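Trainee: I am new to this structure. Could you take me through it and tell me how each description is reached?
Mentor: Gladly. Have a look first, and then ask away.

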Amino acid sequence: MFPNRTTVEDIENAAALAEVQGRSLWASARARFMRNKAAVVSLIVLILVAAFALFGGFFAQWERDFVDFSLMGRNAHLGVPSFETGHYFGTDNSGRDLFARTVQGTGISLMVGIVGAMVAVLVGTLYGATAGYFGGRVDGIMMRIVDVLMSIPFMFVLILMLVIFGRSILMLFIGIGLISWLDMARIARGQTLTIKNKEFVEVAVATGVHPLRIILRHIIPNLLGIVVVYATLLVPNMIIFESFISFLGLGVQEPNTSLGALISEGAGTMQYGTLWQLLFPLFFFVLTIFAFFFVGDGLRDALDPKDR
Amino acid sequence: MFSFVVRRLMVAVPTLLILVILSFVLMYAAPGGPFNSERPLPPEVLANIQAKYGLDQPFWKRITDYIWGVVAHFDFGPSFKFKDRSVNDIIAQGFPVTLTYGFWSFVLATVVGVTLGTAAAIKQNSWLDYLAVGFSVGAQVLPNFVMAPILLLVFTLWLGWLPGGGWNGGEWPYLIMPVIALSTSYMASIARIMRSSMLEVLNTNFIRTAQAKGIPMRRVILRHAMKPAILPLLSYLGPAFVGMITGSVVIDAFFSTGGIGTFFVNSAFSRDYSVMMGITILVGTLTILFNLVVDILYAWIDPKIRY
């Protein structure tokens with residue numbers, strides 16, 4: 001009647017075996033990501049850049065807003081990057097330590113990118129999922145609003161806002177928050193349209209779950225893959241966006257700085273032979289953007305079933 | 001088709017109106033007027049100036065006057081800082097410059113991008129393909145404000161081949177660097193989009209049929225594959241155009257080309273709101289018009305689009 005001991009053990013072993021072999025969607029995605037060498041290297045680079053922005057300040061020999069008057073005007077000879085003076089990246093035109101400033105600039109640029117991506121994830125996903133789930137007239141109106149907002153030249157409106165309400169980092173964040181979610185809303189909506197006809201959503205509707213709960217518990221978790229991919233690809237775009245405004249001198253203001261402001265300063269002084277002022281910020285800018293794009297591409301290959 | 005155009009216009013017009021109202025309300029909400037300077041003006045003088053620019057009128061009168069001026073006469077009002085010039089004068093001076101190098105950037109980015117993308121797709125996995133892919137990956141990280149200093153460094157400071165800035169009536173040595181700086185990253189994106197969509201089209205049955213019939217490859221590409229392959233690109237051209245117009249701000253600031261960007265940034269620093277608003281609305285109108293044209297083109301080329 002009863003199966004003998006060894007059979008039971010066999011079944012248990014088989015179950016354990018099956019557990020090892022069966023991989024979740026995320027596990028297989030991770031494996032695919034790990035196979036992509038460019039993406040893995042980029043991820044490591046990104047971690048290093050973030051570490052530089054977070055802990056670089058501890059290694060700086062000089063405060064970032066300390067003006068060394070003895071260097072002023074003689075920057076091309078005395079401000080050269082060197083380990084002996086403690087100015088690893090040299091000094092800028094006002095005799096400030098470029099290493100400490102690059103650390104801060106990288107930090108602010110990363111923060112801008114991440115804040116933009118977070119707003120996009122929170123607002124964009126919720127907005128897009130709501131529009132896609134309800135469909136019909138609600139969808140039409142909500143997406144028309146996105147269309148209208150998208151065809152506004154936001155760079156110009158944001159500069160207008162920065163001029164009117166004062167140039168501050170907070171204003172910059174508000175401006176970036178206002179535009180970053182638009183694309184994400186479209187993507188989330190498109191994905192929701194395919195998900196909402198699946199059986200598990202039908203079951204939820206049939207058992208009388210509240211629509212908001214369906215969106216939050218059943219739809220959004222299934223959007224996460226694509227959302228993560230686009231959020232990663234959004235970060236470099238937001239960094240470029242902020243750097244653009246800071247390059248014009250309208251974004252982050254002194255004594256604070258961002259990579260765009262540093263590049264602008266370096267570009268303005270390169271004819272005096274202080275090339276390091278341009279090259280160090282440029283290096284970190286290009287490195288960060290590159291790494292984010294590669295990680296995003298890697299994530300897309302790993303998570304987006306369409307491109308597989 | 002006609003009803004489609006009308007429907008798209010019905011979205012475009014309110015969008016434009018929202019933009020005008022938005023920028024006007026922003027300006028209205030600004031703390032401090034454009035005439036609040038370090039040295040306060042005598043009250044009578046201030047009142048006179050405000051009356052001249054219509055700043056003493058109530059909000060509704062001002063906004064309706066402004067919108068009427070913009071819509072009916074394309075009149076953006078006087079500049080607050082340049083006493084003898086209107087916003088229209090400033091736009092008339094700067095816009096042709098922006099349009100000139102913007103046009104060439106657009107042409108360069110599209111022609112080179114499409115050619116490179118198509119060539120890469122035809123010769124997939126050849127050195128040409130790797131070159132194109134490498135370029136389109138590398139140039140992603142070179143937006144105009146990164147390209148501009150690099151170009152200036154190499155071609156003006158090191159090689160001394162090109163003038164470092166200025167416009168000089170648009171002579172070609174002055175055009176080269178602005179056009180390249182503005183178009184590089186878009187060229188890369190266009191090449192990438194074109195390559196992937198061309199690859200997709202080349203693997204379809206109707207291309208194989210065309211090839212099986214013995215039609216020369218050149219003809220297959222130009223007559224059969226190009227049209228469907230260019231569709232995904234078309235929807236990118238709208239944003240690319242906007243990006244180039246926006247990027248012109250950096251180009252003007254960096255190369256002193258004297259386009260609208262120069263005036264936009266200068267008025268941003270001197271709080272000359274009416275100039276900023278005028279340029280914002282102009283750019284917005286262009287954006288909306290361009291997107292409209294792209295949409296109509298799209299519907300015209302793609303028979304699958306229902307309109």
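**Reasoning from the model**

Mentor: Let me start with a helix: in this predicted model, 22 of the 31 residues of α7(B) are buried, so the rest of the structure largely encloses this helix.

Trainee: How do you know that α7(B) falls short of a straight helix?
Mentor: Helix α7 of chain B covers residues 172–202, which is 31 residues. A straight helix would reach 45 Å at 1.5 Å a residue, but the end C-alpha atoms here are only 38 Å apart. There is also a kink of about 45 degrees in α7(B), and B:S183 is at its centre.

Trainee: Which residues does B:I190 touch?
Mentor: Leaving out residues up to four places away in sequence, B:I190 touches B:A109, B:T110, B:G113, B:V114, B:G117, B:L233 and B:Y236. A touch here means C-beta atoms within 7 Å. B:I190 is also among the residues with the most contacts inside the largest nonpolar core.

Trainee: What makes that set of residues a nonpolar core?
Mentor: Its members must be buried residues of certain kinds, such as Ile, Val, Met and Ala, joined through C-beta atoms within 7 Å. The largest such set here has 150 residues, and A:I159, A:I263, B:A148, B:V250, B:M276 and B:I279 are also among those with the most contacts inside it. Helix α9 of chain B, residues 217–255, gives the most to this core, with 18 residues.

Trainee: Why is B:I296 called partly exposed?
Mentor: A residue is buried with 20 or more C-beta neighbours within 10 Å, and exposed with 12 or fewer. B:I296 has 15 inside 10 Å, so it counts as partly exposed. B:I296 is found in helix α11 of chain B, and its C-alpha atom is separated by 28 Å from that of B:N203, 93 residues apart along the chain.

Trainee: How many residues of chain B are in contact with chain A?
Mentor: There are 34 of them, in contact with 32 residues of chain A. Of the elements on that side of chain B, α1(B) gives the most, with nine residues. By class, the side has 25 nonpolar, eight polar and one charged residues.

Trainee: Which parts of chain A does UniProt list as "transmembrane region"?
Mentor: The unreviewed UniProt entry lists several spans, including residues 169–188 and 278–299. In the model, residues 169–188 of chain A are 100% helix, with end C-alpha atoms 29 Å apart. Residues 278–299 of chain A are also 100% helix, and their end C-alpha atoms are 32 Å apart.

Terms used
Residues are numbered from 1 along each chain as its sequence is written. Chains are lettered from A and ligands numbered from 1 in the order in which they are written. This is a predicted model: local features need pLDDT of at least 70, side-chain atom pairs count only at pLDDT 80 or more; totals for chains, interfaces and linings use all residues. Helices (H or I, at least four residues) and strands (E, at least two) are DSSP runs, numbered from the N terminus. Two residues are in contact if their C-beta atoms, placed from the backbone, lie within 7 Å. UniProt positions are given in the numbering used here, feature names are shortened, and annotations may be inferred rather than shown by experiment. The expected span of a helix is 1.5 Å times one less than its number of residues. The bend at a residue is the angle between axes fitted to the seven residues ending there and the seven starting there. Ala, Val, Leu, Ile, Met, Phe, Trp, Tyr, Cys and Pro count as nonpolar, Asp, Glu, Lys and Arg as charged, and the others, Gly among them, as polar.
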